[in-house]
Amino acid sequence: MVNSAFFIVLRRMRAPIIALVALYAVAVFGLTLVPGVDADGNPAPPMSFFHAFYFISYTATTIGFGEIPNAFSDAQRMWVIVCIYLTVVSWSYAVITLIALLQDKGFQNTLTVNRFMRRIRRLKEPFYLICGCGETGSLIARNFDRIGQAFVVLEKDELRVQELDLQDFKTDTPALAADAMLPDNLLLAGLKHPKCRGVLAVTNDEQANLGIAIAVRLLNPKIPVIARARSPSIAANMASFGTDYIINPFERFAEHLAEAVAAPERFRLVELLTGLPETLIPEPHRPPCGHWILCGYGRFGRAVAERLQAAGTTLTVIDPKQIDADRNIVGDGTEAVTLRQAGIDAALGIIAGTDDDVNNLSIAVTAKQLKPELFVVVRQNLAANGELFRAFNADFCMVPSRIVAQESIAILTTPLLARFLGLLHDQDEIWCRALVFRLQAICDGMIPTVYGIRLNASEAPAVWHALMYRRGISLGEILLDSTDRTQSLAAVPLLIERDNDVYLLPNANFKLVAGDHLLFASSLAVLDKLNLTLQNANELDYVLDGENDSGSWVWARLRRYRSAVRPQDVTTG
């Protein structure tokens, strides 16, 4: 690509350069042929090649020192006049061509791709490749930036890439306006880069996500790929190619809604653990169990109906097409007559689940006017309409982009969380409620950050070295505050994985072993303090034994000096 930019310049500037060289050669050659005059006005031989070249050089560049080595003859002056106009025209032609080249879209794209490739080659830290920077990709990018995770963006829409440059990111993120479905673009974005840790196919086009997933499996099968899919056929095709994680936002929300009906405390716990970190904790959702009205029976409506009916909820479905359910009503649900016909007076909840945000808001508003105490669930298709949905303040709002972003971040940043969530099905509502209270108490109204730390030489070198060569350490000891060891960090240890064994909610006396995989929940500030303790031997010594050693050469010499002087002082006293 670097050579292509160079050859584009040569190809576009070939004619102007040839014209300049030819005109300069003619001008110089003419001066070596035209006779001159000496200081006395007598005829003299023409100028030498050197003097002719020197004169044309400074004349054509508009510097103009004068006539050298002697005053010119009239014939020489006439020839110089011709040369001046010729070189001005040729230079104008070259400058205009160069300006046109710099404004050429293809040339600008070539330069952009070259800069992008250089930035990818210079990446020294692990990164994820985000394919698609719409609503979902932007959410993932912002949260990656918040937690300090490097990422690269491929987005087909150039305007979205430009908007990404305007984001207040902590780092300068490499982003390229290109079709991620093309394998060459994936390779340009670092698919085979040794630091690439995974690919997220989260565009709004299912076929594009499928193509990306297939390309990743064929070109770099060692890294995980997360793909967004809505239709079962696309999801099945992705699965056949070994896609690691397939996220269907409709299926996920249906599962969440059914769980909120059947086990509200467990759902609340999952909501806190999988939410976007450092965002406000949402209000608790307590959907009632009983009879509901479902407006819209597309892919989303079918997924919700299947899960709710399995949880013991009965449904009346309103849809312009005839469908199979407990009771069918033909319509869209935006009119009060249709809602009354569906039995809104006896219903406990309503789901506005069409693919049109205006219709969904109309359904929700009409239903609330008819029955204010009704539990309302709305589907928000576009994040741009967020202000409208927040103004309505539904009991439960389904945003597909947010669901995909939350699950993607949880999968990539904390793979141990999936194992913890799998164990929740064995716990009762009382256990879940107690853990919810603990999590809410540590983050001051914000969603906690969930993260995993492995006690090895790369992630926690100080603790690993202490466990291997010095002493045993309990879980409570590493959770002491490195600024004041009399205080404990506001962190909740959720799980410890050791070989094939797991320990749920370990207590402070739990003895750690090198290689343990720990899952915590806390704020980002507490995470920074904990990482400092785990990685810095001096900080660890302080929290373990109260030793405040800076580790510097001056401090070490001073401590040795004091150790040598102290016995003598005692003897002298």
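**Close-up views of a predicted model**

**View 1. Helix α5 and its buried face.** Helix α5 covers residues 135–147, 13 residues in total. From first C-alpha to last it reaches 19 Å, close to the 18 Å expected at 1.5 Å a residue. The model shown here and in the views below is predicted. Buried residues of α5 are Thr136, Gly137, Ser138, Leu139, Ile140, Ala141, Asn143, Phe144 and Asp145. They pack against four strands, β3 (127–131), β4 (150–155), β6 (196–201) and β7 (225–228), and against helix α16 (400–413). Glycine 148 follows α5 and has a positive phi, near 80°.

**View 2. The parallel sheet under α5 and α6.** This open sheet has 6 strands with parallel pairing. The strand order is β5-β4-β3-β6-β7-β8. β5 (175–177) and β8 (245–247) are the edge strands, and each pairs on one side only. From one strand to the next, the twist averages 15°. Two helices are shown with the sheet. α5 lies across β3, β4, β6 and β7 and runs at about 160° to β3. Helix α6 (residues 158–165) packs on the sheet and touches β4 and β5. The direction of α6 makes about 160° with that of β5.

**View 3. The β7–β8 pair at one end of the sheet.** β7 and β8 run parallel and are joined by 3 bridges. Tyrosine 245 in β8 stands opposite isoleucine 226. β8 is an edge strand.

**View 4. Glycine 190 in a buried loop position.** Glycine 190 sits in the loop between α7 (183–188) and β6. Its relative accessibility is 4%, so glycine 190 counts as buried. Beyond its neighbours within four places in sequence, glycine 190 is in contact with Ile120, Phe127 and Cys196. Arginine 121 is 69 residues away from glycine 190 in sequence, yet the C-alpha to C-alpha separation is 7.9 Å.

**View 5. Glutamine 406 on helix α16.** Glutamine 406 belongs to helix α16. Is this glutamine 406 buried or exposed? At 18% relative accessibility, glutamine 406 counts as buried, because the cut-off is under 20%. Setting aside neighbours within four places in sequence, the contacts of glutamine 406 are Thr274, Gly275 and Leu276. α16 also packs against buried residues of α5.

**View 6. Helices α11 and α17 side by side.** The axes of helix α11 (residues 264–274) and α17 come within 11 Å and cross at roughly 175°. That angle makes α11 roughly antiparallel to α17. Val270, Leu273 and Thr274 of α11 meet Leu417, Phe420 and Leu421 of α17. Thr274 is also among the contacts of glutamine 406.

**View 7. The antiparallel sheet with α17 across it.** Here 4 strands form an open sheet with antiparallel pairing, in the order β15-β18-β16-β17. β15 (449–454) and β17 (501–504) stand at the edges with a single partner strand each, so one side of each is left without a neighbour in the sheet. Neighbouring strands are turned by 15° against each other on average, direction ignored. β15 and β18 (residues 517–522) pair over 6 bridges in the antiparallel sense. Within that pair, leucine 519 in β18 is the bridge partner of glycine 452. Helix α17 (residues 416–423) lies across β15, β16 (492–498), β17 and β18. α17 runs at about 100° to β16.

**View 8. Domain layout.** The domain assignment gives domain 1 (4–103), domain 2 (115–247), domain 3 (270–413) and domain 4 (427–564). The C-alpha centres of domain 2 and domain 4 are 33 Å apart.

Terms used
Residues numbered from 1 in each chain as written. Predicted model: local features only at pLDDT ≥ 70, side-chain atom pairs only at ≥ 80, totals over all residues. Heavy atoms only, no water. Expected span 1.5 Å × (residues − 1). Buried < 20%, exposed > 50% of the residue type's maximum accessible area, 1.4 Å probe, protein only. Contact = heavy atoms within 4.5 Å. Domains from an automatic or database assignment. Pairing = 2+ DSSP bridges. Axes fitted to C-alpha atoms, helices over the stretch in contact; angles between N-to-C directions. Parallel < 35°, antiparallel > 145°, perpendicular 65-115°, else oblique.
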